[in-house]
Amino acid sequence: MMSSALQYNVPLFINDRLDIALLLDCHLHVGQSDLPYPLARSLLGPDRLLGVSVNTPAEMQEILDQPKGTVDYVGIGPCFGTQTKKNLNPIVGPRGVRDVLHVLGESEIKAVVIGACGGGSLPRS
């Protein structure tokens, strides 16, 4: 996987494991109950990307209250239910995603929606 990411210039993120991200010189994604993201940023350094899962507008606001550059992107969700993760946070649905995005506003922090966002879960127009 690492060689494919390098070959195609795609950033590779390690989930929850700062030690592995540092060892492989990769980026990191943490959840709210994992390593605190301010500590993760200080150990990861400024040159690697850091993503954080958010489930509520309040969690989004906490990230916005951090110094600029602490978090590079947020994963909002889970939007829909999924069988692939244990201890799933409450499902936020499209309206919950909207509420978090409203708090995110014009911030430079990027956002992705997480949680069973496949073709079967998204409405077609």
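Is G115 buried or exposed? With a relative accessible area of 18%, G115 counts as buried, where buried means under 20% relative accessible area, exposed over 50% and partly exposed in between, for a 1.4 Å probe and protein chains only. The structure is a predicted model, in which local features need pLDDT of at least 70 and side-chain atom pairs count only at pLDDT 80 or more, while totals for chains, interfaces and linings use all residues. Residues are numbered from 1 along each chain as its sequence is written, and side-chain values use heavy atoms, with hydrogens and water left out.

G115 sits in the segment after β5 (110-113); helices (H or I, at least four residues) and strands (E, at least two) are DSSP runs, numbered from the N terminus. Leaving aside residues up to four places away in sequence, G115 touches P78, C79 and F80, contact meaning heavy atoms within 4.5 Å. One of these partners, C79, is itself buried at 6% relative accessibility. By contrast, 28 Å separates the C-alpha atoms of G115 and P67, which are 48 residues apart in sequence.

Another cysteine, C26, is buried with a relative accessible area of 1%. A search of the whole structure nevertheless finds zero disulfides, a disulfide being a pair of cysteine sulfur atoms within 2.5 Å.

C26 also appears among the contacts of L12, which touches M1, M2, A5, C26 and H27 when residues up to four places away in sequence are not counted. L12 lies in the loop between α1 and β1 (13-15) and is buried, at 16% relative accessible area. Its C-alpha atom is 6.1 Å from that of H27, 15 residues apart in sequence. In helix α1 (residues 2-7), S3 is exposed, at 54% relative accessibility. The C-alpha atoms of S3 and L22, 19 residues apart along the chain, are separated by 16 Å.

Turning to helix packing, α4 (residues 57-64) and α5 (residues 93-104) pack at an angle of about 25°, with their axes 8 Å apart. Axes are lines fitted to C-alpha atoms, for helices over the stretch in contact, and angles run from 0 to 180 degrees between N-to-C directions. The two helices are therefore roughly parallel to each other, as angles under 35 degrees count as roughly parallel, over 145 as roughly antiparallel, 65 to 115 as roughly perpendicular and the rest as oblique. P57, M60, Q61 and L64 of α4 meet D99, V100, V103 and L104 of α5 in this contact.
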